[in-house]
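Colleague: I would like to go through the labels on this model one by one. Tell me what stands behind each.

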2 protein chains.
Amino acid sequence: MTLSISTEDFKSTFRNHPAGVAVLTAVAGDEHAAMTVSSLFSISADPPLIGFSVSDASSTARVFNAADTVIIHMVDTDSLWLAKLGATSGVTRFEDSTQWDVLGSGERYFPGAPTIVRAAVVDRVRAGGSTLCVAHAVELVKSEADDDAMEPTPIVYHNRRWHRLNGSSALAD
Amino acid sequence: MTLSISTEDFKSTFRNHPAGVAVLTAVAGDEHAAMTVSSLFSISADPPLIGFSVSDASSTARVFNAADTVIIHMVDTDSLWLAKLGATSGVTRFEDSTQWDVLGSGERYFPGAPTIVRAAVVDRVRAGGSTLCVAHAVELVKSEADDDAMEPTPIVYHNRRWHRLNGSSALAD
């Protein structure tokens with residue numbers, strides 16, 4: 001069976017491809033932006049490079065396509081509110097000033113996320129109506145990843161729903 | 001708290017970023033390769049573009065960096081064997097000829113995966129010791145995504161373990 005692929009086929013195929021969730025913030029000029037992405041991936045550990053894509057359709061594309069740095073927030077079940085905030089269109093991301101703070105380097109960030117990494121954008125590549133961004137991780141702003149007592153329960157986006165991973169979702173080896 | 005980032009920090013940070021799992025196959029000349037990736041992501045639906053990264057350290061890099069097309073297998077709990085096959089180093093991926101078949105276009109593929117997409121590589125970008133690949137989906141070789149009775153249970157790779165997503169992993173909205 002061979003079928004040509006339509007936009008709908010493609011969307012439904014990728015709806016069934018789960019993805020980790022991160023919230024990115026950036027600043028360009030005096031404009032700040034935040035968005036939730038399911039496209040964040042590790043390219044290499046040495047050098048520490050990550051990639052993500054920014055759709056031209058996103059209201060935050062202008063900021064992300066001009067920013068020198070990006071702040072990556074890994075979200076967990078306790079910070080699901082942040083993933084929802086960055087994923088809802090038409091919402092002012094920085095309305096509640098108790099939720100965010102400002103790094104010495106000028107970017108706004110959300111300290112409520114369990115792990116936060118600052119990265120410098122090193123390359124941008126156009127692909128269709130999107131921009132693939134490659135960024136070099138430069139500092140760990142916050143990390144709970146190595147603290148067993150506080151080990152985050154990460155969330156996964158799949159088929160338009162949020163899922164959590166834990167002991168009962170693990171498969172036997 | 002601000003920490004500089006080491007290779008170890010970076011690895012442990014991304015160990016806590018879950019990812020969907022896909023198995024890619026490709027052919028270059030008369031050499032066939034298969035590998036499991038956790039870096040596959042959708043770039044745009046129209047045009048239907050996907051991205052993934054190939055580490056120079058992978059034994060299959062030579063084939064993937066030269067191939068004109070790539071066959072993307074979305075894996076589920078029933079095809080976990082395929083994800084393991086593509087993730088184990090030193091294993092001959094095509095040893096068991098009952099597991100794979102050959103497309104009319106020449107690529108080997110694993111019909112046991114629930115969803116299989118053929119894509120043409122349209123761009124390659126170097127990033128550290130890896131190559132970011134952009135591919136344009138050209139045909140749905142197989143799809144169970146829209147068949148409710150056979151809806152696949154996708155797997156997620158997280159912290160060196162395989163997880164499954166299902167009703168009990170879903171979070172309330």
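Modeller: Start with helix H3 of chain A. This is a predicted model. The cover over the buried residues of H3(A) includes strands E3 (22-28), E4 (31-37), E7 (69-74) and E12 (155-158) of chain A.

Colleague: Which residues of H3(A) are the buried ones?

Modeller: H3(A) runs over residues 80-87, and its buried residues are Leu82(A), Ala83(A), Leu85(A) and Gly86(A). The label needs 20 or more other C-beta atoms within 10 Å.

Colleague: What makes you say that they line one face of the helix?

Modeller: The arc. Looking down the axis of H3(A), the buried residues fall within 160°, so they line one face.

Colleague: And which residues are buried in H3 of chain B?

Modeller: Leu82(B), Ala83(B), Leu85(B) and Gly86(B), within residues 80-87. Their arc around the axis is only 160°, which puts them on the same side of H3(B). Strands E3 (22-28), E4 (31-37), E7 (69-74) and E12 (155-158) of chain B are among what covers them.

Colleague: Now the chain as a whole. What elements does chain A have?

Modeller: Three helices and 13 strands.

Colleague: Why is chain A called as compact as a globular protein of that length?

Modeller: Set the value against the rule. The radius of gyration of chain A is 17 Å, and the globule rule gives 16 Å for 173 residues. The two are close, so the label holds. Along its principal axes, the C-alpha trace of chain A spans about 55 × 40 × 35 Å. Buried residues are 49% of the 173. Of the contacts in chain A with a separation of 6 or more, 64% join residues 24 or more positions apart.

Colleague: Which residues have the most contacts inside the largest nonpolar core?

Modeller: Leu24(A), Ile50(A), Ile72(A), Leu24(B), Ile50(B) and Ile72(B). That core has 103 residues.

Colleague: How do you know that Leu24(B) is buried?

Modeller: Count its neighbours. Leu24(B) has 24 other C-beta atoms within 10 Å. The cut-off is 20 or more. So Leu24(B) is buried. Leu24(B) is in strand E3 of chain B.

Colleague: What does Leu24(B) touch, leaving out residues up to four places away in sequence?

Modeller: Ala34(B), Met35(B), Val37(B), Phe52(B), Val70(B), Ile71(B) and Ile72(B).

Colleague: And what does Ile50(A) touch, on the same terms?

Modeller: Leu40(A), Phe41(A), Ser42(A), Ile43(A), Ile72(A), Ala119(A), Ala135(A) and Ala137(A).

Colleague: On to the pair of chains. How many residues does the contact take from each?

Modeller: 66 from chain A and 66 from chain B. Strand E11 (residues 130-143) of chain A gives the largest share of chain A's side, 10 residues. By class, that side has 34 nonpolar, 23 polar and nine charged residues.

Colleague: What makes the relation between the chains that of a two-fold axis?

Modeller: A turn of 180° with a shift of 0.0 Å along the axis lays chain A on chain B, at an RMSD of 0.0 Å. That is the relation of a two-fold axis. In chain A, the C-alpha nearest the axis belongs to Ala19(A), 2.4 Å from it.

Colleague: Why say that the same surface serves both copies?

Modeller: Of the contact residues of chain A, 100% recur in chain B.

Colleague: Now the backbone. What is there to note about the bond from Asp46(A) to Pro47(A)?

Modeller: That peptide bond is cis, with omega near 5°. Pro47(A) is in the loop between strand E5 (41-45) and strand E6 (48-55) of chain A. In chain B, the bond from Asp46(B) to Pro47(B) is also cis, with omega near 5°. Pro47(B) is in the loop between E5 (41-45) and E6 (48-55) of chain B.

Colleague: Why single out such bonds, or a positive phi?

Modeller: Because most peptide bonds are trans, and most residues other than glycine have a negative phi.

Colleague: Where is Asn159(A)?

Modeller: In the loop between E12 and strand E13 (161-164) of chain A. Its phi is positive, about 50°, although Asn159(A) is not a glycine. Arg160(A) is in the loop between E12 and E13 of chain A. Phi of Arg160(A) is positive too, near 65°.

Colleague: Why is Asn159(A) called partly exposed, and Arg160(A) exposed?

Modeller: Asn159(A) has 16 C-beta neighbours inside 10 Å. Buried starts at 20 and exposed ends at 12, so a count in between is partly exposed. Arg160(A) has 7 such neighbours, so Arg160(A) counts as exposed.

Definitions and conventions
Residues numbered from 1 in each chain as written. Chains lettered and ligands numbered in written order. Predicted model: local features only at pLDDT ≥ 70, side-chain atom pairs only at ≥ 80, totals over all residues. Helix = DSSP H or I, 4+ residues; strand = E, 2+ residues; numbered from the N terminus. Rg over C-alpha atoms; globule rule 2.2 N^0.38 Å. Contact = placed C-beta atoms within 7 Å. Arc of directions from axis to C-beta. Nonpolar A, V, L, I, M, F, W, Y, C, P; charged D, E, K, R; others polar. Least-squares fit on C-alpha atoms with pLDDT ≥ 70 in both. Core = buried A, V, L, I, M, F, W, Y, C linked by C-beta atoms within 7 Å.
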